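Here is a quick tour for someone meeting this structure for the first time. Have the view open and follow along as the text moves from loops to helices to the core.

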Amino acid sequence: MNLHIEGYQEDGVYVLKLSGEVDAYTAPELKERLLDLLNEDGTEVKIDLEKVNYMDSTGLGVFISGLKTSNELNSTFKLVNLQDNVYRLFNITGLNEVMDIENTIRGGM
Amino acid sequence: MSSTRQNINNYKELLEQYINTMDEASLYQAEQYSKASIQHNVSPDKIIEEHYKALVELFPNLDERVKASFQFLIQTMISYSVNYQQTEELREKQLELKTEIDVAANMQNTLLSTDVPKVENIDIGAKSVPAKLMNGDYYHFVQDDEGNIGTAIADVIGKGIPAAFFMSMIKYAMESFPEDRMYPKIILELLNRVVERNVESGMFVTMFYGLYDINKHEFYYATAGHEPGFIYRSQIQAFEEIDAKGLLLGVKKDTKYNQYVTHIQQGDMIVLLTDGVTECRSGDRFIEREEVLEVIDQYKEQSAQNIVDNVYKYLERLQDFKLRDDFTLLILKRNS
């Protein structure tokens with residue numbers, strides 16, 4: 001299974017729309033794309049996870065790196081449209097308390 | 001040695017002899033010749049070249065097209081030799097690396113080994129299986145002066161060798177803590193600082209830490225983002241999910257952890273696991289947590305070690321079973 005990353009700008013916000021699986025094989029590309037954006041002071045990034053039906057702990061690692069980078073620089077990111085099973089990971093790890101997460105989707109695929 | 005040297009210099013005579021007699025004994029010379037060639041590092045294309053030279057000398061009127069075909073064959077064999085040699089070299093290197101990793105994995109086993117405490121009324125079982133050679137999961141038991149059991153189960157995000165090295169660091173940090181009664185909350189807060197300071201971004205640890213008071217049968221616990229375990233309550237004959245929350249280690253410097261406590265009755269079981277237990281796949285299907293609990297339930301009358309072994313065996317028997325992540329399962333069972 002692959003991960004497709006679509007990137008565009010919308011009202012001054014960078015959007016990364018993901019579809020597929022985030023795991024050890026696909027995480028490096030996502031990390032590069034996300035950190036590239038967050039490395040610019042003041043950027044706002046929105047990551048749409050509506051079409052992500054599987055994520056493992058490597059995926060979490062990407063967002064934790066993002067969190068550290070955005071804390072150092074003045075950039076921000078938020079995660080939107082998480083499916084239940086993906087949100088569960090953020091909930092277990094306590095990351096939902098330190099990250100901006102919006103609109104979780106009930107049910108999943 | 002001189003006889004083999006002689007062997008590879010007299011290909012023409014050997015060939016001529018065979019062509020004239022066509023007998024088994026002369027054919028045997030071919031075998032000897034190839035052995036001598038290997039000893040003297042003569043490549044296959046050189047043997048064919050030798051054959052071609054002998055042939056031209058024995059049959060001066062050889063058809064030009066046959067001669068051309070030999071040029072073609074020699075060229076083919078030259079390329080073949082080069083590729084073959086490269087493959088051999090890679091194979092050797094691969095073997096070397098595998099040996100190194102085996103050594104590292106053995107060393108990890110030694111570094112991270114922990115003794116399962118023997119306590120009169122608490123039966124403990126533990127099983128940890130790496131998905132690859134090196135294990136990114138870790139469990140640890142420690143007993144204080146009063147015999148209370150401290151237990152840690154942890155999973156490094158990120159797999160393979162870096163994860164394994166990282167676990168050794170965690171273990172030694174834990175062992176440097178004072179020996180007297182250490183509460184889970186304090187341990188996680190101390191470890192969080194160690195991890196936060198020493199880790200490159202992208203590597204993190206989830207850990208569940210529990211302290212079992214063997215006199216009062218109170219179980220104190222705290223979690224740093226670790227997959228919740230379960231407690232089997234014998235009174236209602238059902239599993240309940242351990243209720244705890246906390247941020248994983250290494251994300252925020254001054255993270256505070258909540259500590260919880262629950263009473264363990266006779267016949268109760270504490271089940272701790274890493275997500276490798278539920279992240280393994282059978283074909284396209286993920287194993288559900290409920291499925292693991294059903295297996296535990298099936299074997300609950302057996303010893304704790306038998307239960308954890310049986311869960312792993314059950315998963316192993318599933319069709320197309322593949323461990324995606326390291327697997328660790330611990331069970332603490334109160335017998336009396």
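Helices (H or I, at least four residues) and strands (E, at least two) are DSSP runs, numbered from the N terminus. This is a predicted model, where local features need pLDDT of at least 70, side-chain atom pairs count only at pLDDT 80 or more, and totals for chains, interfaces and linings use all residues. Residues are numbered from 1 along each chain as its sequence is written, while chains are lettered from A and ligands numbered from 1 in the order in which they are written.

**Loops and a strand**

Let's start with A:D11, which sits in the loop between β1 (3–10) and β2 (13–22) of chain A. Its phi is near 50°, a positive value in a residue other than glycine. Is A:D11 buried or exposed? A residue is buried if 20 or more other C-beta atoms lie within 10 Å of its own, exposed if 12 or fewer, and partly exposed in between, with C-beta atoms placed from the backbone. A:D11 counts as exposed because it has 7 C-beta neighbours inside 10 Å.

Over in chain B, B:H217 also isn't a glycine and has a positive phi of about 55°. You'll find B:H217 in the loop between β4 and β5 (218–224) of chain B.

Back in chain A, A:E40 belongs to the loop between α1 (27–38) and β3, and A:N53 is part of strand β3 (residues 44–55). Here is how these four residues are surrounded:

| Residue | C-beta neighbours inside 10 Å | Class |
|---|---|---|
| A:D11 | 7 C-beta atoms | exposed |
| A:E40 | 12 C-beta atoms | exposed |
| A:N53 | 16 C-beta atoms | partly exposed |
| B:H217 | 16 C-beta atoms | partly exposed |

Two C-alpha to C-alpha distances help you get your bearings. A:E40 and A:G7 are 33 residues apart in sequence and 16 Å apart in space. For A:N53 and A:Q9, the figures are 44 residues and 24 Å.

**Helices**

Which residues of helix α3 (residues 84–92) of chain A are buried? They are A:V86, A:Y87, A:L89, A:F90 and A:I92. Just after α3(A) comes A:G94, with a positive phi of about 75°.

In chain B, look at helix α9 (residues 289–298) and helix α10 (residues 304–317): their axes come within 9 Å and cross at roughly 130°. Axes here are lines fitted to C-alpha atoms, for helices over the stretch in contact, and angles run from 0 to 180 degrees between N-to-C directions. So α9(B) is oblique to α10(B); angles under 35 degrees count as roughly parallel, over 145 as roughly antiparallel, 65 to 115 as roughly perpendicular and the rest as oblique. On the α9(B) side, the contact uses B:V292, B:V295 and B:I296, and α10(B) brings B:I307, B:N310, B:V311 and B:Y314. Two residues are in contact if their C-beta atoms, placed from the backbone, lie within 7 Å.

**The core of the model**

A nonpolar core is a set of buried Ala, Val, Leu, Ile, Met, Phe, Trp, Tyr and Cys residues joined through C-beta atoms within 7 Å. The largest one has 91 residues, and B:V205, B:M207, B:I270, B:V271 and B:I331 touch the most other members. Strand β4 (residues 204–213) of chain B supplies the largest share of this core, 7 residues. Leaving aside neighbours within four places in sequence, B:I270 is in contact with B:F219, B:G229, B:I231, B:I264, B:I331 and B:L332.

**Where the chains meet**

Finally, 19 residues of chain B are in contact with 14 residues of chain A.
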